[in-house]
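Work through the exercises below with the sequence and the coordinates open. Try each task before you read its solution.

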Amino acid sequence: MTNQANNTKVITGVVRFSYAHVWEPVSINGGDEKYSVSILIPKNDKKTLKAIEKAIEAAKEAGKSSKFGGKIPANLKLPLRDGDEDRPDDEVYAGHYFVNANANTKPGLVYQNGQPIIDSTDFYSGCYGYASITFYPFNSNGNRGIACGLNNLMKTMDGEPLGGRSKAEDDFKDLIDDGEEDDNFLN
């Protein structure tokens, strides 16, 4: 699913979001603060993977004249990575490819009905949805490759939160006031 006018833009199939920094920009490894998310693509989602591969090839071609001095270098850094190989100790990445997408501007966040997500607890690492991403060439400080830009995200389904953090309503579910009077209050 690439955009005809811009063949480096992809709307994914249903993916899982990890390391979601979509509410406030964060500095990764001392770099500039950016909005970012790791997008986990199931290995059996051949349609999304094919669209990403085509977009990466289009970005390589675009970079040939704009970033790479007339030819595509053999040692380009590429954004599509294999979770089984690159993150073998992380079970969340097993059976997935992934791309790390980032942006200087906050991505649009919507529910499947198109309504904006306003509550920051509603979009988190571990939820599922669609991503709008764009691939582009870069040549910076001797590093050349194709990067993944983050456009917009659509949440379609909750998932187990990643990163070991639990939700407050789950932690306190046995203590939440159900409106009934507590007979043992102050006894």
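The protein has three helices and eight strands, and the model is a predicted one.

**Exercise 1. Lay out the fold.**
Give the order of helices and strands from the N terminus on.

*Solution.* Step one: read the elements off in order. They run β-β-β-α-β-α-β-β-β-β-α. Step two: look at burial. Of the 187 residues in the protein, 35% are buried. Step three: look at sequence range. Take the contacts between residues at least 6 apart in sequence; 67% of them join residues at least 24 apart.

**Exercise 2. Check the length of helix H1.**
Compare the expected span of H1 with the distance between its end C-alpha atoms.

*Solution.* Step one: H1 covers residues 46-66, which is 21 residues. Step two: the expected span is 1.5 Å times one less than the number of residues. For H1 that gives 30 Å. Step three: the end C-alpha atoms are 30 Å apart, so the two values agree.

**Exercise 3. Find what H1 packs against.**
List the buried residues of H1, then name the strands they pack against.

*Solution.* Step one: pick residues under 20% relative accessible area. In H1 these are Thr48, Leu49, Ala51, Ile52, Ala55, Ile56, Ala58, Ala59, Lys60 and Gly63. Step two: follow their contacts. They lead to strands E1 (9-11), E3 (33-42), E5 (96-103), E7 (128-140) and E8 (143-157).

**Exercise 4. Map the largest nonpolar core.**
State how many residues the core has and where they come from.

*Solution.* Step one: recall the general trend. In soluble globular proteins, nonpolar side chains tend to be buried together. Step two: count. The largest nonpolar core has 32 residues. Phe17, Val37, Ile39, Phe123, Ile133, Phe135 and Leu153 have the most contacts inside this core. Step three: assign the elements. E2 (15-27), E3, H1, E5, E7 and E8 each supply at least two residues of the core. H1 gives the largest share, six residues. Step four: zoom in on Phe123. Leaving out residues up to four places away in sequence, Phe123 touches Phe17, Ala20, Val22, Trp23, Leu109, Ile117, Leu153 and Lys155.

**Exercise 5. Trace the partners of E7.**
Which strands pair with E7, and over how many bridges?

*Solution.* Step one: E1 pairs with E7 in the antiparallel sense over three bridges. Val10 stands opposite Ile133 there. Step two: E2 and E7 are also antiparallel, with two bridges. Here Val15 faces Gly129. Step three: E7 and E8 run antiparallel and are joined by 13 bridges. One bridge puts Tyr128 opposite Met157 in E8. Step four: inspect the turn. The hairpin of E7 and E8 has two residues between the strands, and Asn141 takes a positive phi near 50 degrees.

**Exercise 6. Place Ser125.**
Is Ser125 buried or exposed, and what does its side chain reach?

*Solution.* Step one: Ser125 lies in the loop between strand E6 (108-111) and E7. Step two: its relative accessibility is 16%, so Ser125 counts as buried. Step three: the side chain of Ser125 reaches the backbone nitrogen of Tyr19 at 3.1 Å. Step four: list the contacts of Ser125, not counting residues up to four places away in sequence. They are Phe17, Ser18, Tyr19, Ala20, Glu160, Pro161 and Leu162.

**Exercise 7. Check the cysteines.**
How many disulfides does the model hold, and are Cys127 and Cys148 buried or exposed?

*Solution.* Step one: require cysteine sulfur atoms within 2.5 Å. The count is zero disulfides. Step two: Cys127 has a relative accessible area of 0%, so Cys127 is buried. Step three: Cys148, at 3% relative accessibility, counts as buried too.

How values were computed
Residues are numbered from 1 along each chain as its sequence is written. This is a predicted model: local features need pLDDT of at least 70, side-chain atom pairs count only at pLDDT 80 or more; totals for chains, interfaces and linings use all residues. Side-chain values use heavy atoms; hydrogens and water are left out. Helices (H or I, at least four residues) and strands (E, at least two) are DSSP runs, numbered from the N terminus. Buried means under 20% relative accessible area, exposed over 50%, partly exposed in between (1.4 Å probe, protein chains only). Contact means heavy atoms within 4.5 Å. A polar contact is a pair of N or O atoms within 3.5 Å; within protein, one must be able to donate a hydrogen and the other to accept it, and residues adjacent in sequence count only if both atoms are side-chain atoms. A nonpolar core is a set of buried Ala, Val, Leu, Ile, Met, Phe, Trp, Tyr and Cys residues joined through side-chain atoms within 4.5 Å. Two strands pair if DSSP finds at least two bridges between them.
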